[in-house]
Every structure is written in structure tokens, then in C-alpha cells.
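These are my notebook entries on one chain, written down in the order in which I looked things up. I begin with how the strands pair and work outwards from there.

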Amino acid sequence: MIYFCIPTRDEAATIGLVLWKIRQVLTDSHREYQLLVGDDASTDGTPEVLAPYARARSLTWIRSESSRGYAATVERLLKHALDLSDRHKRDAAILFPADYTADPAELEEFLKRLDSGADLVVGEAAVVGEESRGRRLVRRWAPRILGRRVRVPGVRDVVSGVAAFRLVALRQAFRDRPDRWLATEGWAANAELVAWAAAGARRTESAPITLRIDRRQRASRIEPWPLARALWQARGRLVAPPRAAPSRDRSPRPAPRSKELVP
């Protein structure tokens, strides 16, 4: 089972298209999937768009009446996927944006890497259509601003917000953080989530993803320099994840029997 975790707030213009595109990607496959949409107290027409989809068995709509924030919404969706699944070693969750800047067709590569044994696949974004030089600069430097506590070997982009997680890796990573997983918000929360999930993963890979900013149907919520300052402040709240080798709850193997000497 693949759980698509889609946080949304005031994305009425694109959320329906994103859900339709994900279904199209999986039409010809034999994969079981569930769409989990976390509506963070949208004030536009998002509820009206989601209502028809919510009648389908393949979609679960989780709505907050008051805003909880991006990080809490993502965390809620991933925990719900863990609760729904009874096969954490097989099942996976994919975090995906609702603003249609990313194309669901590119998720095929993420699914292939999960099939080949990866526990975590991180989307490394090529950003297209961003007119603001300030936003481009902050986007480029965000991983360095956040610092070494969210560095993942072999992964350059930890803030894209597109990632696939085998559920057992999430369970392992956050076993000592049962109440609140993420201490930061926005891009910093994306980086924090990836860093902790990598600590619970046996194998981490990255996959290319294109973020088409010109397809977003609303004004940007990002002001470059306040965002850079927020990332710097988040750096001080980040806690480095444990780096111990992840366990898969396997039963210990019996000790080998000593060979008997034949007289």
C-alpha cells in the first residue's frame, strides 16, 4: 500500500488536479494506494473541491477547524498512515505538495526506488519559473543555513517537500519521539523530517523532481529575507537525529553450534 500524504491550505485551484493526476499515474499499475489529504483549516473553496473526492474509498480527508501549521499537518498525515498500515516493512508513504508545482508523473521514479529496496527516497528539486531572485537564493542556500544537524549523506536537497518513506523507517526513526516529531516549521520541517527518517532508514536515495513555480495558482507565501531569518532561527531548535544503525525488529539468530570433533 502506498499512502499519498498531501498537506493543503487554500489550494482549491489545484488540489483536485493533483488528486486526479496521482490516480492517473496509478491507473495502469497494480499498486494499492490511499490518498490522505490534510486540510489545515482552508478558508477558500478547498472543502467544496474535496467533498466529492471524500466519498471515494481511496481518499481520507482530515480537516482541522483551526490552523495547526504545515509541520503538524504533515506529522498528522504520516502518523495516520502508520496507524492504517499493518505491514510497515512493505508499505510506504509519499509526501507531496497540493499546489501542483510538482508533477505526479515524476513519482514513478520514487516508486521504482522503493521497489528496489530503498527505505527513503528524497526529491532533489530543479526549480523552474521562479521569478524572484531573492527566493531563488534562499532556496539554494537553505540547506546550509539550517546546518549540519539536517545533513544527510548523499542528499543535497532536504527542503523540497517531496519524499517517499517506507513506514518501518519512520517508525524506527521516531520511536523515541512519540508525541511531537517536528520542532520546526515550513522548509525547516521538511529538512528535519528527512534527516530523522534517514536515521531510521537502511538505504537512502535521492530522485530528481521538477518544481514548476509558474504553475502555482496563488501568490507566493514566501518573503525571502524573513524566510532566511526563520531558517536561521530554526537552526537553533533542530536536534540531530540518532545515527545508530536501524533495527528491523528481527528475532536474534540462534548461536551457531560448535562442530564436534570426530575421534
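**Entry 1: pairings of β5.** In this predicted model, I first looked up the partners of β5, and found that β5 and β6 pair in the antiparallel sense over 3 bridges. Within that pairing I noted Val121, which stands opposite Ala164 in β6. I then turned to β7, which pairs with β5 in the parallel sense over 9 bridges, and there I found Arg212 of β7 as the bridge partner of Val128.

**Entry 2: Ala163.** I stayed with β6, since that strand is the place of Ala163. Is Ala163 buried or exposed? I find that Ala163 has a relative accessible area of 3%, and because the cut-off for buried is under 20%, Ala163 counts as buried. Leaving aside neighbours within four places in sequence, I listed its contacts as Ala93, Ile94, Leu95, Phe110, Val121, Val122 and Gly123. I also looked up the distance from Ala163 to Val194, and the two are 7.9 Å apart in space, C-alpha to C-alpha, while 31 residues separate them in sequence.

**Entry 3: helix α4.** Phe110 in that contact list led me to α4, which covers residues 107-115 and has Leu107, Phe110, Leu111 and Leu114 as its buried residues. Why do these four lie on the same side of α4? They cover an arc of only 95° around the axis, and this puts them on the same side of the helix. I set beside this the general point that an α-helix has 3.6 residues a turn, so residues three or four places apart point the same way. On the other side of α4 I found Lys112 and Asp115, which are exposed. I then asked what the buried residues of α4 pack against, and the elements are β1 (2-8), α1 (15-26), β4 (92-95), β5 (120-128), β6 (163-166) and β7 (204-212). Just after α4, I noted that Gly117 takes a positive phi of about 115°.

**Entry 4: strand β1.** Since β1 is among the elements that α4 packs against, I looked at its burial next, and 7 of its 7 residues are buried. In a regular strand the side chains alternate between the two faces of the sheet. In β1 I found both faces covered, with Ile2, Phe4, Ile6 and Thr8 buried on one side, and Tyr3, Cys5 and Pro7 buried on the other. As for its partners, β1 pairs with strand β2 (residues 33-40) in the parallel sense over 7 bridges, and Phe4 stands opposite Leu35 in β2. Between these two strands the chain crosses from β1 through α1 to β2, and I recorded this β-α-β crossover as right-handed. I also found that β1 and β4 run parallel and are joined by 4 bridges, with Ala93 in β4 as the bridge partner of Tyr3.

**Entry 5: two positive phi values outside glycine.** I looked up Asp10, whose phi is near 55°, a positive value in a residue other than glycine. Asp10 has its place in the loop between β1 and α1, and with a relative accessible area of 21% it is partly exposed. Tyr100 also drew my attention, with a phi near 65°, again positive in a residue other than glycine. I placed Tyr100 in the loop between β4 and α4, and at a relative accessible area of 12% it is buried.

**Entry 6: Arg139.** I found Arg139 in helix α5 (residues 133-146), and at 13% relative accessibility Arg139 counts as buried. Not counting residues up to four places away in sequence, Arg139 touches Ala125, Val127, Asp157, Val159, Ser160, Trp187 and Leu211.

**Entry 7: the chain as a whole.** To close, I counted elements, and there are 8 helices and 7 strands in the chain. The radius of gyration is 20 Å, close to the 18 Å that the globule rule gives for 263 residues, so the chain is as compact as a globular protein of that length. Along its principal axes, I noted that the C-alpha trace spans about 85 × 45 × 30 Å. Of the 263 residues, 50% count as buried. Finally, among contacts with a separation of 6 or more, I found that 83% join residues 24 or more positions apart.

Key. Residues are numbered from 1 along each chain as its sequence is written. This is a predicted model: local features need pLDDT of at least 70, side-chain atom pairs count only at pLDDT 80 or more; totals for chains, interfaces and linings use all residues. Side-chain values use heavy atoms; hydrogens and water are left out. Buried means under 20% relative accessible area, exposed over 50%, partly exposed in between (1.4 Å probe, protein chains only). The arc is that of the directions from the helix axis to the C-beta atoms. Contact means heavy atoms within 4.5 Å. Two strands pair if DSSP finds at least two bridges between them. A crossover is right-handed if, with the strands pointing away from the viewer, the path from the first strand over the helix to the second runs clockwise. The radius of gyration is taken over C-alpha atoms; the globule rule is 2.2 Å times the number of residues to the power 0.38.
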